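Me: I would like a close look at one part of this protein, the aromatic pair, and at how the rest of the chain is arranged around that topic. Please define the terms as you go.

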Amino acid sequence: TLVIGDKDDIVTLNNSSAVTVTIPASVFAANDIVNVQQIGTGQVTLQGASGTTITSTGATSTAPKLRARYSAASVICSASNTFTVIGDIS
């Protein structure tokens with residue numbers, strides 16, 4: 001789960017199994033950004049906690065996945081509990 005300390009930073013995920021990163025409700029404010037990078041072989045899924053909305057161009061737009069090892073994406077809070085994920089997603 002992302003925390004406010006992750007704001008303006010890069011969170012790296014190094015796991016051989018799939019990883020789910022939860023974007024929590026009521027933590028981030030508009031214009032806050034967290035960068036996420038998959039450095040292991042386990043695919044990373046970004047998922048919103050209850051009460052959050054995620055949009056992206058990913059195949060599952062509300063739960064985008066990083067495309068491959070070393071892919072990265074930015075999680076941008078556009079409004080209260082509303083996020084857009086942009087980057088190397090599938």
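Reply: The answer starts with the whole chain, turns to the aromatic pair, and ends with some loop residues.

This is a predicted model, in which local features need pLDDT of at least 70 and side-chain atom pairs count only at pLDDT 80 or more, while totals for chains, interfaces and linings use all residues. Residues are numbered from 1 along each chain as its sequence is written, and side-chain values use heavy atoms, with hydrogens and water left out.

The protein chain has seven strands and zero helices. Its elements, read from the N terminus, run β-β-β-β-β-β-β. Both kinds of element are DSSP runs numbered from the N terminus: helices are H or I with at least four residues, strands are E with at least two.

The C-alpha trace spans about 30 × 25 × 20 Å along its principal axes. The radius of gyration of the protein chain is 12 Å, which agrees with the value near 12 Å for a compact globule of 90 residues. This radius is taken over C-alpha atoms, and the globule rule is 2.2 Å times the number of residues to the power 0.38.

Of the 90 residues, 39% are buried. Buried means under 20% relative accessible area, exposed means over 50%, and partly exposed is in between (1.4 Å probe, protein chains only). Among contacts with a separation of 6 or more, 65% are between residues 24 or more positions apart; a contact means heavy atoms within 4.5 Å.

Now the requested part. The structure holds one aromatic pair. The ring centres of F28 and F83 are 6.3 Å apart and the planes stand at 90 degrees, so the pair is edge-to-face. F28 lies in the loop between β2 (19-23) and β3 (33-38), and F83 lies in strand β7 (residues 82-87), so the pair ties together parts that are 55 residues apart in sequence. As for the terms, rings of Phe, Tyr and Trp (its six-membered ring) pair if their centres lie within 6.5 Å; planes under 30 degrees apart count as stacked, over 60 as edge-to-face and the rest as tilted. Both F28 and F83 are buried.

The loop that holds F28 also holds D32, which lies between β2 and β3. D32 is buried, with a relative accessible area of 11%. Leaving out residues up to four places away in sequence, D32 touches I4, K7, V75, I76 and C77.

On the side of F83, N81 lies in the loop between β6 (72-79) and β7. N81 is buried at 16% relative accessible area. Its phi is near 60 degrees, a positive value in a residue other than glycine. D8 also has a phi near 60 degrees, positive in a residue other than glycine. D8 is found in the segment before β1 (10-13) and counts as exposed, at 57% relative accessibility.

One further loop residue is Q43, placed between β3 and β4 (44-48). Q43 is partly exposed, with a relative accessible area of 28%. Residues up to four places away in sequence aside, Q43 touches A18, V19, Q38, K65, L66, R67 and S90. The C-alpha atoms of Q43 and L13 are 9.2 Å apart in space, and these residues are 30 residues apart in sequence.
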